Amino acid sequence: MIPIRYVEPVFRPPSEAESLILPVTDGCSWNQCTFCEMYTAPQKQFRARSEEEVLESIRLTGQRYGDQIRRVFLADGDALVLPTRRLLTLLEAIRTHMPAVRRISSYCLPRNLRKKSQADIDELAAAGLTMAYVGAESGDDAVLAAVHKGETFDTTCEALDKLGAAGITRSVMILNGLGGKALSALHADNSARLANATQPEYLATLVVSFPQGEQRLRAGFPGWEPLSQQGLFIEMERFLSGLELKRTVFRSDHASNWLVLKGTLGSDKERLLQQVRQAISAPQAAHLRPAWARGL
């Protein structure tokens, strides 16, 4: 058994499936996004774990599995909210006790990088932080305000540029359908503009969904109307059409997606657009069941 205290539910990006999940915080320090249900359970109320607890978890895990662990994901919602000094201490401990680790990653709220200088982020990169997952959700300020994201196009750009300047790999996520019918076009256009401005190494989309109901979202976005399947495809086509990326790995293969898209932008842009346009013309085809229904 891994000697780490976990508070369920535990979340991590799909690409971190083989990583050691190392909680350095519980919950999310913002936790006001009305589309997000990840950290709303009472036990996930935000708090930073004590440095002593995390260091002991690293030491004990390293004793048992230090030569086997290749990747570490710093959990929960936004590990980079911690002071730079504490993060550097934890990164040094990982290097010491888990010498086989080659990648350390974390979710990242743009707001938390506003408190860190470029020199701070450069230090984190030099100490071993190699990848950050940034839930941009949208590049449109009206959409971001309606869902209480607490960010703007400019603040997200600033964070992504800081990470890029430090050499930290950036994985950016956009929520297909977040703007509803009214803001769909602005959502697509400005999300593409955000990606073009920052040129992230990875870009992904998933479809917005509300397992616990839409009430929380509608409280601040009363006019929100969900997009139909075809509407989601049309928004995706508009988003892809607006992208001018040099070399970004693109994935739209989350379980929520109706249409699986994979490629490198821009070399695969026309192929991906052709796939989406075919889906628009035949939205009820059997192969367009959502990924979860196909066992993906």
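## Cysteines and salt bridges

A search of the whole structure turns up 0 disulfides. Keep in mind that this is a predicted model.

Why do the cysteines stay unpaired? The sulfur of Cys108 has its closest cysteine sulfur in Cys28, and at 11 Å that is too far for a bond. Cys157 gives a similar story: its sulfur lies 14 Å from the closest cysteine sulfur, in Cys108, again too far for a bond. For a disulfide, the two sulfur atoms would have to be within 2.5 Å. As for their surroundings, Cys108 counts as buried, at 2% relative accessibility. Cys157 counts as buried too, with a value of 10%.

Let us turn to the charged side chains. The count here comes to 19 salt bridges. Three of these pairs are set out below, each with the distance between the closest N and O atoms.

| Salt bridge | Closest N and O atoms |
|---|---|
| Arg5 and Glu53 | 2.9 Å |
| Glu16 and Arg103 | 2.6 Å |
| Glu158 and Lys162 | 3.9 Å |

Take Arg5 and Glu53, whose closest N and O atoms are 2.9 Å apart. Arg5 sits in the segment before strand E1 (20–23) and Glu53 belongs to helix H1 (residues 51–65), so this salt bridge ties together parts that are 48 residues apart in sequence. Arg5 itself is partly exposed, its relative accessible area being 36%.

Next come Glu16 and Arg103, with 2.6 Å between their closest N and O atoms. This pair also links distant parts of the chain, for Glu16 is in the segment before E1 while Arg103 is in strand E5 (residues 103–107), 87 residues away. Are these two partners buried or exposed? Both Glu16 and Arg103 are buried.

The third pair, Glu158 and Lys162, has its closest N and O atoms 3.9 Å apart, and the cut-off for a salt bridge is 4 Å. Where does this pair lie? Glu158 and Lys162 are both in helix H6 (residues 153–165), and because they are 4 residues apart, about one helical turn separates them. Their surroundings can be compared as well: Glu158 is partly exposed, with a relative accessible area of 37%, whereas Lys162 counts as buried, at 13% relative accessibility.

Some salt bridges share partners, and in this way Arg5, Asp26, Arg47, Arg49 and Glu53 are joined into one network. Arg5 and Glu53, already met in the table as a salt-bridged pair, are among the members of this network.

How values were computed: Residues are numbered from 1 along each chain as its sequence is written. This is a predicted model: local features need pLDDT of at least 70, side-chain atom pairs count only at pLDDT 80 or more; totals for chains, interfaces and linings use all residues. Side-chain values use heavy atoms; hydrogens and water are left out. Helices (H or I, at least four residues) and strands (E, at least two) are DSSP runs, numbered from the N terminus. Buried means under 20% relative accessible area, exposed over 50%, partly exposed in between (1.4 Å probe, protein chains only).
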